[in-house]
Structure formats: structure tokens, C-alpha cells
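Here are a few short exercises to work through with the model open beside you. Try each task before reading its solution.

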Amino acid sequence: MNKYIILLVFIITIGCTTSKNEETENTKTEKPKVEFRITERYSSESVKQLDSAELRIKRNEIFAQYGYKFKSEELSIYYSSKPWYEPKYDNVDSLLTELDKKNIRILLNEEVERNRLSKFNCSNFPNSLTNFSFNSSIARAVDSLGNPDKTIIHEDLTCPIGQLHFWNSNIKNQQLIILGDDYTNDINYLANSRYYAIQILNYDELSKYHFNQIKLGESERSLKLKVNCLITKNPEYSLGRASGQSMVEELYINDQSNQYIISNGNIYIRFILDSKAKLVAIVYSTINDRLAC
């Protein structure tokens, strides 16, 4: 009887040991499940700190978190090394949140911008500064656009700057601003003008207005390349930079960080940037309004 009891205990012990070993092996081979969701909110400023490889990884990481099956072998291998990645779907568009979509748009815009700038060729850049002349009048604008949407009469008698007239075009996402040389309190559409500007209305979109392929809303990085091309091709012009606002700019620019100024002493072309390093206004004048008063 004792022999049978000993044999039974031995069999049970072996069975338990085998079961535990199998359980341990299964635990070792099973990939642990890790919950992963992106909550970071990217901005056009923050993504500039990422290198090009990081931009691509961050953008595709948004799709990877939902189990997107990458067609790129490189990306598939990379994300397979992450404990949270489980390839399940050929398309995850329906799973994307509004935050995901905004982050993708911001990251992709930065990638496209860098790729475009890397291919920029100054030799193909147009040249229209030669014989460029200032030619604008309030009367001509009224004839083609109608009366202004708004007029500001500067009432500082110690330093009058004239009458500022505004025409808005939401379709083109731009605002025309002309400064009239009239210093009375009566609106005058026949006054001469030595200053006009084109300003962007919606800062989140590009405007249809451009000067020599320099578009309102584009980045400072792109602007610098194009401005340097203009100066190279037009040595009679000089390039300067300025910060702070002139008395005229204070009346229509809400957010300004600095500006690039192309000038030959008779013509001033200003490219005004906001605090996000985007081009928000282009100004043409025959006066240096920064020296007024």
C-alpha cells in the first residue's frame, strides 16, 4: 500500500511541475499588452525642433497606435519593436481623433516645407525688382473696389500720419491698406498716397497674394531664401532688418516680431513677420515711415 501511495504522489508532483513549466513558457512567449495613446499636442513651432527622421516617426506613430499595418518594411520593423504595437488594420482613418488629425497635418506640413526648401534653386527665381515703381492711388482703388470697408483718421496733431483706408477680401484672404496724404478730419478719396500694404486676414491659411513668389502666410525660412535671391539679382537694392512697429503699422498690425526691408533709397519693400515667424504683410512705400516723428 505504501508503494502505491508513494507512486501516486510522484506522478502528481511531476504533473504539477510540468504544468507550471508550460505556464512559464507560455508567459515568456506571449507579448505583453501595453496601452499607448498619444496625447501630445504639436504646434508649428514645436515641430521645428525635430529632425527630419523624427518628423516621420512622430507622424506615423499616430497611425501605429491604432494598429496600422505599414507597407514600409522599415516602419514595420521599427514599430514592431514597441511593446504596444500590434498590426491589425490596413486603414485606421476612422479611428483618428481630431487631435490626431491636427497633429498629422502640422507634422506633414513641416515635412513638405523642408522638402520644398531643400529643392529651392535661386537661378529659377523670378526677377521683377528692376524698374520696380510705386504706383498706387486711393481713387484707383475706389474705382475698382468701391469705397473702403473702413477708414482710420489719425488724430494725433503732434504727429499726423494721414488717413488709412482698408479694403477686405475674404475670398483672397487679404486686406488692402492705403495711406492717404490728407491730415484733415474729412475723408478724402482723392488724396495722394505714398504707402500701401497687403495684409493677410486669416493667419491659419495662405493668402492668394504674392510678390515675386513670396506668399503671405509663408515661413520666415522660405522668405529668407527668396529675399536673398532678390538682393543677389538686384545689387542696387540693399537688405535690412528691423524690429518694433512704426506709427502706421501700429494701426493695422496686431502681432509683429520683425521685418525684412528691401530698399534702393527711393522704394521700400517691407516683409512683416508675426511672432510665429509667418509673413503677415507686405508693404510698399516711397517713405521710410519708421522715421516719422
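**Exercise 1.** Decide whether Asn 173 is buried or exposed in this predicted model, then find where it lies and what its phi is.

*Solution.* Start with the surface. Asn 173 has a relative accessibility of 6%. Buried means under 20%, so Asn 173 counts as buried. Next, place the residue in the chain: Asn 173 sits in the loop that joins β2 (163–169) to β3 (174–180). Finally, look at the backbone. The phi of Asn 173 is near 55°, a positive value in a residue other than glycine. Most residues other than glycine have a negative phi.

**Exercise 2.** Carry out the steps again for Ala 277: which loop holds it, what is its phi, and how accessible is it?

*Solution.* The loop is the one between β9 (268–273) and β10 (279–285). Although Ala 277 is not a glycine, its phi is positive, at about 60°. For accessibility, take the relative area of Ala 277, which is 22%. The range for partly exposed runs between the buried limit of 20% and the exposed limit of 50%, so Ala 277 is partly exposed.

**Exercise 3.** Find the residues that gather with Lys 102 in a patch of positive charge, and say which helix Lys 102 lies in.

*Solution.* On the surface, Lys 102 gathers with Arg 41, Arg 105 and Lys 276. Lys 102 belongs to helix α4, which covers residues 98–118. Now check its accessibility: a patch residue needs over 30% relative accessible area, and Lys 102 has 37%. Because of that 37%, Lys 102 counts as partly exposed.

**Exercise 4.** Work out which helix holds Ala 53, how accessible Ala 53 is, and what separation its C-alpha atom has from that of Glu 111.

*Solution.* Ala 53 is part of helix α2, residues 52–64. Its relative accessible area is 53%. The exposed class starts over 50%, so Ala 53 is exposed. Along the chain, Ala 53 and Glu 111 are 58 residues apart, and their C-alpha atoms are separated by 9.7 Å.

**Exercise 5.** Step back and describe the whole chain: its helices and strands, its buried share, its contacts and its surface.

*Solution.* First, the chain has six helices and ten strands. Second, of its 293 residues, 39% are buried. Third, take the contacts with a separation of 6 or more: 53% of them join residues 24 or more positions apart. Last, the chain exposes about 17,400 Å², with carbon and sulfur atoms supplying 51% of that area.

How values were computed: Residues numbered from 1 in each chain as written. Predicted model: local features only at pLDDT ≥ 70, side-chain atom pairs only at ≥ 80, totals over all residues. Heavy atoms only, no water. Patch = residues over 30% accessible without salt bridge, like charges linked within 9 Å, V, L, I, M, F, W, Y side chains within 5 Å. Areas by Shrake-Rupley, 256 points an atom, 1.4 Å probe, with all protein chains shown as cover. Salt bridge = Lys/Arg side-chain N within 4 Å of Asp/Glu carboxyl O. Lys, Arg positive; Asp, Glu negative; His and termini not counted. Charge placed at Lys NZ, Arg CZ, Asp CG, Glu CD. Helix = DSSP H or I, 4+ residues; strand = E, 2+ residues; numbered from the N terminus. Buried < 20%, exposed > 50% of the residue type's maximum accessible area, 1.4 Å probe, protein only. Contact = heavy atoms within 4.5 Å.
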